[in-house]
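Reader: I should like a close look at a single part of this model, namely the arrangement of its secondary structure elements and the way they are packed. Please treat it in one connected account.

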Amino acid sequence: MSINRRVFLGSAAAVSASLAAPMVARAQAAANVVVVGGGAGGATAARYIAQSSNGAINVTLIEPSRAYYTCFFSNLYLGGFREFDSLGHTYGALASDYGINVVHDWATGVDRDAKTVSLAGGGAVPYDRLVLSPGIDFIEDSVPGWSTASQNVMPHAYKGGSQTELLKAQVMNMREGGTFAMIAPPNPYRCPPGPYERVSMVAHTLKEVNPTAKILIVDPKEGFSKQGLFEDGWERHYAGMIERIGPDFGAGNVSVDPNAMTVDIDGQVETVDVCNVIPAQRAGNIAFAAGITDGNWAPVSAYDLSSTMDENIHVLGDAAAQGAMPKSGFSANSQAKVAANAIVAALTGSTAFPARFSNTCWSLIDTNDGIKVGATYEASDEGIVSTGGFVSQVDETAETREETYRESLGWYDAITEDMFG
Amino acid sequence: MMWRAILTFGFVCVMGASSPAFSQGDPAQGEALFRPCAACHMIGDGAVSRVGPHLNALIGRPVGALPDYRYSPVLQDAGAEGALWDETALDRFLESPRDYFPGTRMAYRGMRDAQERLDLIAYMISEGGLADGEVTASEGETDPEIAAILEIAGDPAYGQYLSSECTACHRPSGGDDIPSIAGLAPSAFIHGIVAYRNGSREHGVMNTVAARLGDEEIAALAAYFEGVE
């Protein structure tokens with residue numbers, strides 16, 4: 001037996017492409033899956049559904065950006081370890097090799113009775129199954145004084161793209177000996193180690209270009225992911241540069257003034273030079289527009305990521321309340337494969353295999369000093385639950401840390417290929 | 001063990017014809033240093049070629065010489081030209097594999113510390129023997145854990161579904177930092193996964209992933225990956 005995936009998919013895609021217009025005519029012959037959001041969850045789901053249904057499912061991917069810049073690995077750009085362009089990906093292969101109908105527009109609403117998704121550019125796209133993978137939006141008043149209107153002064157840089165570039169420019173242009181402040185988010189939020197890898201990468205850059213600069217983390221959480229590993233690394237690489245204020249010293253009561261460039265920590269006002277505000281987070285707007293949220297997130301079944309409020313809608317990645325998995329690109333990619341298998345099985349009668357998930361989060365502390373944490377998961381009636389895990393150790397050799405970093409590079413290449421073909 | 005005595009003797013002979021610096025390696029230190037190598041290479045009793053060739057009886061062996069392993073062209077060419085693995089060649093190769101054999105598929109970037117290389121080579125000699133030593137590949141019985149999985153006719157469709165957990169990190173081809181596993185012979189695939197499952201190979205991600213794979217699942221994955229070009 002020999003399957004060449006490229007050749008096989010190429011021919012399937014050619015057939016799909018010839019049938020793709022007009023879409024409405026084709027809808028009568030093939031089931032329609034609409035995917036909203038072209039990130040780690042959505043792009044993966046679209047590709048896996050198109051790939052495994054062999055043309056039996058008409059897949060439409062709605063994503064406003066023509067070039068997608070990953071949020072994961074954007075910290076490495078801040079640290080000077082990646083070029084910005086290396087974070088960018090396009091949807092050409094999903095359209096040409098997999099026959100996916102890629103629509104660059106905003107999804108503005110979901111009519112769950114008519115089973116259509118409305119677009120900002122006008123019109124509505126019909127679905128039999130809808131996949132929502134919108135990532136996060138911010139809770140507007142979570143850091144008093146900050147709003148998305150002030151993101152060009154105090155960037156969040158917590159969605160990939162121009163915000164990442166802005167924060168890097170601010171770090172590079174910071175006055176000598178200035179203070180970089182980060183307002184860290186409360187749980188739960190996208191990429192648990194992300195803020196602390198970011199601190200590491202900013203410290204790496206400042207050590208080179210502005211070694212007397214300081215970093216101030218204002219953190220409403222008692223503790224954070226891989227804390228011992230990060231703090232050990234900060235002591236070894238950036239001694240004296242990084243200060244973290246936790247809730248015991250007032251970080252639970254913080255506000256900012258973007259005009260004055262000040263941070264008020266429980267009445268103590270600090271003037272800072274760069275202020276990276278990572279606000280509290282919630283599911284992306286379209287999940288609220290669809291009316292499938294409870295609190296800040298969209299609750300789902302652990303078995304197939306279907307909404308507990310609408311069995312024809314699946315929610316992937318950061319936006320979903322699914323149980324024990326951290327909100328990460330790796331998790332979204334893993335959940336997408338389980339949902340894709342369930343959706344194709346439901347629409348075509350193919351075999352539905354049991355849900356199984358995994359996640360690994362790599363972080364870089366300094367050159368060749370990589371750490372990781374990860375786990376495997378399975379579905380239960382109480383949500384996704386962990387079946388085992390691992391974490392890097394403080395006393396690892398330099399060789400192991402370098403291997404871990406190299407492994408993260410391999411993962412980035414693989415997951416982006418898994419997402420975008 | 002008889003072969004250990006023979007190897008010690010052989011070691012001394014080789015040392016006499018080579019740099020005395022190599023006698024300064026500590027095999028116990030080298031054993032720990034070998035762990036990253038074990039992601040791809042087996043050494044010792046029952047070792048077989050997997051992602052990388054087995055490393056038994058390496059010192060004294062012509063480069064690119066194992067009949068059951070498909071080497072990078074650069075190693076094949078070196079072997080055809082008569083290159084041998086001696087301690088000096090291995091030391092230089094380990095220091096920077098891609099500088100020593102440009103084009104090698106081996107993902108490892110190199111070991112800068114000279115003493116660590118001495119320790120590693122000492123371990124590889126003590127564990128794997130010399131080319132004229134007593135240790136040879138694939139002798140002895142197949143591990144019963146592996147034999148049981150080889151007996152199972154894996155379901156490639158199930159394997160394809162399960163493989164989606166692998167493809168988050170392993171690419172269909174290429175991959176400098178994480179090896180591709182597409183097209184692996186089932187025996188090689190199963191050897192690798194079982195070693196991660198029972199902990200004889202250490203790797204945080206792979207031990208965790210393999211820990212929950214049953215025999216049926218490993219057989220399904222092996223059947224699927226064999227068919228992916």
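Author: A helix is taken here as a DSSP run of H or I with at least four residues, and a strand as a DSSP run of E with at least two, with numbering from the N terminus. The model is a predicted one. By that definition, chain B has eleven helices and zero strands. Its elements, read from the N terminus, therefore form the run α-α-α-α-α-α-α-α-α-α-α. Among the 229 residues of chain B, 43% count as buried. When contacts in chain B with a separation of 6 or more are considered, 68% of them come from residues 24 or more positions apart.

The strands to be examined belong to chain A. Five of them form an open sheet in the order β5-β2-β1-β9-β20, and the pairing is parallel. The edges are taken by β5 (101-103) and β20 (313-315) of chain A; each has a single partner strand, so one side of each lacks a neighbour in the sheet. From one strand to the next, the twist averages 20°. At the β20 end of the order, strand β9 (residues 129-132) of chain A pairs with β20(A) in the parallel sense through three bridges. A:Val131 has A:His314 as its bridge partner in β20(A). Helix α3 (residues 42-53) of chain A packs on this sheet and touches β1 (31-36), β2 (57-62) and β9 of chain A. The direction of α3(A) makes about 165° with that of β2(A).

A second sheet of chain A is also open and has parallel pairing; its four strands follow the order β13-β12-β11-β17. Here β13 and β17 (274-277) of chain A are the edge strands, and because each has a single partner strand, one side of each is left without a neighbour in the sheet. The twist in this four-stranded sheet averages 15° from one strand to the next.

The pairings within this sheet can be followed strand by strand. Strand β11 (residues 179-183) and strand β12 (residues 214-218) of chain A run parallel and share five bridges, with A:Lys214 in β12(A) as the bridge partner of A:Thr179. Helix α7 (residues 194-209) of chain A joins β11(A) and β12(A) in a right-handed β-α-β unit. Next, β12(A) is linked by four bridges to strand β13 (residues 242-245) of chain A, again in parallel. In that pairing, the bridge partner of A:Ile217 is A:Arg244 in β13(A). Helix α8 (residues 227-237) of chain A completes a right-handed β-α-β unit with β12(A) and β13(A).

Attention now turns to the nonpolar interior. In soluble globular proteins, nonpolar side chains tend to be buried together. The largest nonpolar core has 151 residues, of which A:Ile49 and A:Val315 touch the most other members. Helix α10 (residues 329-348) of chain A contributes nine residues to this core, the most of any element. Leaving out residues up to four places away in sequence, A:Ile49 touches A:Val33, A:Ile57, A:Val59, A:Ala340, A:Ile343 and A:Val344. Apart from this core lies another, of 25 residues, whose members include B:Leu33, B:Leu75, B:Ala78 and B:Met124.

One residue in a later strand deserves a separate look. A:Gly383 is placed in strand β24 (residues 383-391) of chain A. It counts as partly exposed because it has 16 C-beta neighbours inside 10 Å, a count between the limit of 12 or fewer for exposed and that of 20 or more for buried. Beyond its neighbours within four places in sequence, A:Gly383 is in contact with A:Ala302, A:Gln322, A:Gly323 and A:Ala324. A:Pro299 is 84 residues away from A:Gly383 in sequence, yet the C-alpha to C-alpha distance between them is 9.3 Å.

Strand β24(A) leads on to the meeting of the two chains. The contact draws 36 residues from chain A and 28 residues from chain B. On the side of chain A that touches chain B, two or more residues each come from α10, β22 (356-366), β23 (369-380), β24 and α11 (398-420) of chain A. Helix α11(A) gives the largest share of that side, twelve residues. Sorted by class, that same side of chain A has eleven nonpolar, 14 polar and eleven charged residues.

Key
Residues numbered from 1 in each chain as written. Chains lettered and ligands numbered in written order. Predicted model: local features only at pLDDT ≥ 70, side-chain atom pairs only at ≥ 80, totals over all residues. Pairing = 2+ DSSP bridges. Axes fitted to C-alpha atoms, helices over the stretch in contact; angles between N-to-C directions. Contact = placed C-beta atoms within 7 Å. Right-handed = clockwise from strand over helix to strand, strands pointing away. Core = buried A, V, L, I, M, F, W, Y, C linked by C-beta atoms within 7 Å. Nonpolar A, V, L, I, M, F, W, Y, C, P; charged D, E, K, R; others polar.
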